[in-house]
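Got your viewer open? Let's take a walk through this protein, one selection at a time.

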Amino acid sequence: MASPANAGDTVFDAAPARASLIRLIGHPHADQVDLVATPRRENADYFRITGQNHRLVIEGTSPATLLAGFGWYLEYVAHANISLAGDQLDLPATLPLPTKPIVRESNGANRFALNDVDEGYTEPYASWEYWQHKIDVLALHGINQVLIYQGQEKVYEQTFQGFGYSRGDLLAWIPQAAHQPWWLLQNLCCSPQPLAQGVIDRRADLARKMADRLRELGMIPVFPGFYGTVPPDFGKRNPGAHVIPTGEWDGYRRPDWLDPNDRWFAKVAAEFYARQTALFGESSMYKMDPLHEGIEGGDHGGLDLTAATKSIQGALNKAHPHATWVLLGWETNPLPPIVEGLDKSHTLIVDGESEATLADTDREAQWKGTPYTFGTIWNFGGHTNIGANLSVWNERFWQWKKKPDSRMNGIALMPEASDNNPAAMAFFTELAWRKEPVDVDEWFRQWAWRRYGGAAPDSHAVAAWHILQQTAYHLPATWDSKYQTGYFELAPSLYAHTLPLDYAPEHIDRALAELLQVAPALRNSTAYRYDLTDLTRQALAVRSRVLLPKISAAFEARDEAEFARLSEQWLNWMKRLDAVLGTNRQFMLGPWLARAKTYASNPGEWTAINYDARSLITVWGRPDVADYARREWQGLVGDYYYERWKLYFDSLKKALSTGGKAERIDWYAFGEKWAHEQKTYPTEPSGDIHALAQQVLTELTDAKDR
């Protein structure tokens with residue numbers, strides 16, 4: 001049953017939440033749930049979970065909040081789990097009912113999701129089916145604001161045809177899909193091959209569906225706003241316009257910047273917002289970050305940035321009265337003169353550094369009273385690693401929230417790539433519905449229970465997660481802590497290193513040993529298989545940090561036999577890792593490329609799209625950022641990374657045998673060649689992850705004992 005209610009002046013229908021519930025758990029169980037729409041209390045969202053007349057009743061203040069209530073029930077009453085990285089839905093035929101009412105009220109208005117670059121690093125060539133499920137799961141986790149970058153290229157295409165540009169001009173200016181986030185962020189432009197019109201149209205259609213679904217669920221689609229990005233030669237085609245060249249970013253040409261104080265800015269902005277609204281409908285939140293990573297020369301073209309800020313916000317509010325301008329808190333962004341010019345009653349800063357800055361950082365003073373959210377970016381570039389600054393969240397969120405003058409108003413979930421780290425996502429999003437810090441030991445005990453099911457928490461599952469709680473999820477409040485990755489995916493060097501590992505690799509082995517002993521009856525869920533794949537991967541990855549120094553020492557000692565033995569072990573571990581990754585679609589290169597190929601309508605388009613999808617996760621497109629989006633996926637590890645290391649080790653072996661110097665290898669050229677290839681990779685998983693994980697653990701134990 002789904003009933004409407006009056007929330008203030010707004011009547012909403014719970015039917016969209018019911019449709020989502022059916023998609024998530026199916027009819028037999030969804031039919032046992034009554035969803036009751038109810039008004040907000042003092043403008044705060046809340047949900048209430050009860051058992052009435054042998055039925056589960058969820059009351060909530062929006063369709064999405066109803067789903068958040070069901071999500072809480074699922075986790076804490078039914079001991080089940082739905083995530084973006086595996087599910088456990090071993091529900092009894094009759095849903096269990098809570099023994100007493102459960103009521104949760106949001107402690108902030110904003111529950112924002114997705115990084116500006118998530119679209120590129122997670123799924124640039126997605127289907128509607130993918131996004132329909134993702135939106136359902138985000139709602140289940142209590143999210144109420146979702147950033148939409150998809151399809152915005154069509155807004156620019158339509159807008160600038162009215163300012164002297166042909167469609168062909170614009171197709172050459174707009175980057176391919178995977179690289180578009182950085183174009184919208186004012187970092188780069190253009191593409192080696194023009195963007196296909198069919199790609200633009202399909203992504204725009206997808207974005208409209210996403211926005212409509214979010215609105216149906218009472219969630220807010222957050223669109224990019226217009227803050228001055230223009231195609232080349234705008235001043236020539238529109239005489240009198242003041243355009244500022246912004247130089248380069250990591251070797252890329254940046255887009256030009258139309259002076260927001262110029263009379264042309266208001267004209268372009270008005271056209272932009274009209275086109276955007278016609279394509280995707282209204283919103284009340286728009287994301288813009290002028291100069292978020294600076295400008296070449298650093299002088300901002302001599303602009304009065306405070307006045308420019310007021311012009312940008314004025315153009316937004318003219319098109320969308322009372323809309324909120326969303327900015328990213330990142331390094332020096334937003335710049336002090338921009339903060340000075342903001343109308344703070346219609347601004348929100350989503351803080352990307354809450355977990356990595358000093359605990360006594362005064363955001364209220366720094367941002368002059370601008371409302372902001374507590375945010376996390378637990379990975380960069382989609383790096384494949386387990387862990388987060390969870391203990392920092394559990395303390396700092398409440399420290400900042402309870403300050404007498406706190407302007408913190410919600411959370412922002414912003415890893416650079418999502419669809420990973422389900423424990424981190426669950427813990428972080430729950431912050432928004434609590435009143436105080438949690439008992440982390442108990443939280444992980446509950447997490448192990450709902451992640452794998454059973455009548456009671458499995459002791460081995462609990463032991464595994466408590467080990468991870470004390471290590472990978474107890475990372476310090478530093479940027480360095482975000483690089484808890486291995487060395488296999490780095491450009492080969494005997495002295496390759498990222499940043500220090502904040503725990504001993506042996507702890508991951510111990511956690512893996514425990515997870516392998518989870519009761520056989522609990523091993524069939526996609527949640528267990530995902531976690532076992534991920535933990536086995538992490539065990540091999542962090543052990544590369546131990547093995548590489550040994551290989552280096554053997555080379556420096558000119559010990560040919562030991563170098564040969566250890567380098568062979570390294571390559572064998574890479575092959576073993578590739579096999580482990582191949583047991584789960586979420587760790588495979590093949591599906592990434594196959595999804596991209598669905599956007600190509602002819603071989604020429606596939607050539608461009610293939611390079612876009614391959615280059616982003618390898619060479620990126622410029623040497624300065626190569627390997628930034630490195631990740632441990634089957635195909636990347638067993639082919640691309642393996643061949644790099646094999647070529648490197650062969651050159652070192654030759655140097656040892658001849659007494660000469662090792663060959664210098666151009667790894668960027670190597671990557672460029674690979675990125676242009678069209679080799680296919682498996683799209684379906686294969687292999688027994690439990691057997692492979694046990695084999696890996698045995699091999700790691702044997703290697704440690706030598």
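How many disulfides does the count come to? Zero, as it turns out. Keep in mind on this tour that you are looking at a predicted model. A disulfide is a covalent bond between the sulfur atoms of two cysteines. While we are on cysteines, select C189 and C190. C189 is buried, with a relative accessible area of 5%. C190, in contrast, is partly exposed, at 31% relative accessibility.

**Stop one: a helix under cover**

Now select residues 128-140, which make up α5. Its 13 residues, at 1.5 Å a residue, should span 18 Å, and the C-alpha atoms at its two ends are indeed 18 Å apart, so expectation and model agree. Is α5 mostly covered or mostly open? Mostly covered: 11 of its 13 residues are buried. Colour the buried ones and you will pick up W128, Y130, W131, Q132, K134, I135, D136, V137, L138, A139 and L140. Then step just past the end of α5 to G142, which takes a positive phi of about 90°.

**Stop two: strands side by side**

Select β10, residues 220-224. Four of its five residues are buried, so β10 is largely enclosed by the rest of the structure. Next, add β9 (residues 145-147), which pairs with β10 in the parallel sense over three bridges. To see one of the matches, show V146, whose bridge partner in β10 is P221. Now add β16, residues 285-287, which runs parallel to β10 and is joined to it by two bridges. Here, look for F223 standing opposite Y286 of β16.

Move on to residues 347-351, strand β18. How many of its five residues are buried? Five of the five, so the rest of the structure largely encloses this strand. In a regular strand the side chains alternate between the two faces of the sheet. Try it with β18: T347, I349 and D351 lie on one side, L348 and V350 on the other, and all of them are buried, so both faces are covered. Bring in β17 (residues 324-329) too, since β17 and β18 pair in the parallel sense over five bridges. W325 is the residue to find opposite T347.

**Stop three: an open sheet**

Which order do the strands of the next sheet take? There are three, arranged β11-β15-β12 in an open sheet with antiparallel pairing. β11 (229-230) and β12 (243-244) stand at the edges with a single partner strand each, so one side of each has no neighbour in the sheet. Zoom in on β15, residues 256-258: two bridges join this strand to β12. Pick V243 and you can find its bridge partner in β15, L258.

**Last stop: the largest pocket**

Finish by looking for empty space. Rolling a probe the size of a water molecule over the atoms shows where empty space is left. The largest pocket holds about 1000 Å³. Select L84, D419, N584, R585 and Q586 to get your bearings, as these lie nearest the pocket's centre among the 44 residues of its lining. What kinds of residues make up the lining? They divide into 13 nonpolar, 19 polar and 12 charged.

Now switch on the helices. α4 (118-122), α5 (128-140), α20 (526-556), α22 (589-597) and α26 (689-705) each supply at least two lining residues. The largest share comes from α20, with seven. And yes, α5 from stop one is on that list again.

Note on methods
Residues numbered from 1 in each chain as written. Predicted model: local features only at pLDDT ≥ 70, side-chain atom pairs only at ≥ 80, totals over all residues. Heavy atoms only, no water. Pairing = 2+ DSSP bridges. Disulfide = S-S within 2.5 Å. Buried < 20%, exposed > 50% of the residue type's maximum accessible area, 1.4 Å probe, protein only. 1 Å grid on protein atoms, 1.4 Å probe; cavity = no way out; pocket = protein on both sides within 12 Å on 5 of 7 lines; lining within 4 Å. Points joined across faces, edges and corners; volume = space filled by probe spheres on them. Nonpolar A, V, L, I, M, F, W, Y, C, P; charged D, E, K, R; others polar. Expected span 1.5 Å × (residues − 1).
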